Amino acid sequence: MTAVTDRVAAGERGQTRIADRVVAKIAAQAAKEAVDKPPKDGAPPSATVTVHRDTARVRVSLELGYPSDIGRQCGAVRRRVTERVEALAGMEVPEVAVQVERLHPAGAGAMPEGNIR
């Protein structure tokens, strides 16, 4: 029986690669968590990501309710996406671009009270 004395350091054994689509799912979920009141009929947020080494550039597309403070909500999405991608994927996030695809008016599709057809 021989003892193993020449152990290879953990960082030298291999590498871990997180697929772009996994980082995109993390970003989309984080965006969903950051939106105050998502519109009932709205599509869930989606994200595309470009990863280069340990850096992820993120583009999030989402729909928001109207009226709302769009700038504040986009800022909240940027912060949450950055926090979650850094924490869960261990990547630096220098850029999160938020694209608002559609605004949903409050009560859209609902009949006002008292109106009968």
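Biologist: What makes the pair of side chains of Gln73 and Ser68 count as a polar contact?

Modeller: This is a predicted model, and in it the side chains of Gln73 and Ser68 are joined at 3.1 Å. A polar contact asks for N or O atoms within 3.5 Å, one able to donate a hydrogen and the other to accept it, so a value of 3.1 Å passes the distance limit.

Biologist: Why is Gln73 called buried?

Modeller: Gln73, which lies in helix H2, has a relative accessible area of 5%. Buried means under 20%, and therefore Gln73 belongs in that class. Leaving out residues up to four places away in sequence, Gln73 touches Val35, Asp36, Leu64 and Ser68.

Biologist: Where does Val35 lie, and what makes Val35 buried rather than exposed?

Modeller: Val35 sits in the loop between H1 and E1. With a relative accessibility of 9%, Val35 falls under the 20% limit, so Val35 is buried as well. Among residues over four places away in sequence, Val35 touches Leu62, Leu64, Gln73 and Val77.

Biologist: How far apart are Val35 and Cys74, in sequence and in space?

Modeller: Val35 and Cys74 are separated by 39 residues in sequence, while their C-alpha atoms are 8.2 Å apart in space. For the protein as a whole, 68% of the contacts between residues at least 6 apart in sequence join residues at least 24 apart.

Biologist: Which elements make up the protein, and in what order do they come?

Modeller: The protein has 2 helices and 3 strands, and from the N terminus on they follow the pattern α-β-β-α-β. Of its 117 residues, 31% count as buried.

Biologist: How do you know that the length of H2 agrees with what a helix should span?

Modeller: H2 has 20 residues, which at 1.5 Å a residue should span 28 Å, and its end C-alpha atoms are indeed 28 Å apart, so the two values agree. In the case of H1, 15 residues reach 21 Å from the first C-alpha to the last, close to the expected 21 Å. After H2 comes Gly90, whose phi is positive, near 70 degrees.

Biologist: Which residues of the two helices are buried, and what covers them?

Modeller: In H1 they are Val23, Ala24, Ile26, Ala27, Ala28, Ala30, Ala31 and Ala34, and their cover includes E1, E2 and H2. In H2 they are Gln73, Cys74, Gly75, Ala76, Val77, Val81, Thr82, Val85 and Ala89, with H1, E2 and E3 included in what covers them.

Biologist: Why are E1 and E3 said to stand at the edges of the sheet?

Modeller: The sheet is open and has 3 strands in the order E1-E2-E3, with mixed pairing. E1 and E3 each have a single partner strand, so one side of each is left without a neighbour in the sheet, and this makes them edge strands. From one strand to the next, the twist averages 15 degrees.

Biologist: What makes the pairing of this sheet mixed?

Modeller: E1 and E2 pair in the antiparallel sense over 7 bridges, whereas E2 and E3 run parallel and are joined by 11 bridges. Two strands count as paired if there are at least two bridges between them, so both 7 and 11 satisfy that condition. As examples of partners, Val51 stands opposite Ala56 in E2, and Glu63 has Arg102 in E3 as its bridge partner.

Biologist: How do the helices pack on the sheet?

Modeller: H1 touches E1 and E2, and its direction makes about 135 degrees with that of E1. H2 touches E2 and E3, and its direction makes about 140 degrees with that of E3.

Biologist: Which residues touch the most other members of the largest nonpolar core?

Modeller: This core has 25 residues, and those touching the most other members are Val58, Val60, Val77, Val81 and Val85. The elements that give two or more residues to the core are H1, E1, E2, H2 and E3, and H1 gives the most, with 8 residues. Taking Val81 as an example, and leaving aside its neighbours within four places in sequence, Val81 is in contact with Ala27, Ala30, Ala31, Val58, Val60 and Val96. In soluble globular proteins, nonpolar side chains tend to be buried together.

Notes: Residues numbered from 1 in each chain as written. Predicted model: local features only at pLDDT ≥ 70, side-chain atom pairs only at ≥ 80, totals over all residues. Heavy atoms only, no water. Core = buried A, V, L, I, M, F, W, Y, C linked by side-chain atoms within 4.5 Å. Buried < 20%, exposed > 50% of the residue type's maximum accessible area, 1.4 Å probe, protein only. Helix = DSSP H or I, 4+ residues; strand = E, 2+ residues; numbered from the N terminus. Contact = heavy atoms within 4.5 Å. Axes fitted to C-alpha atoms, helices over the stretch in contact; angles between N-to-C directions. Expected span 1.5 Å × (residues − 1).
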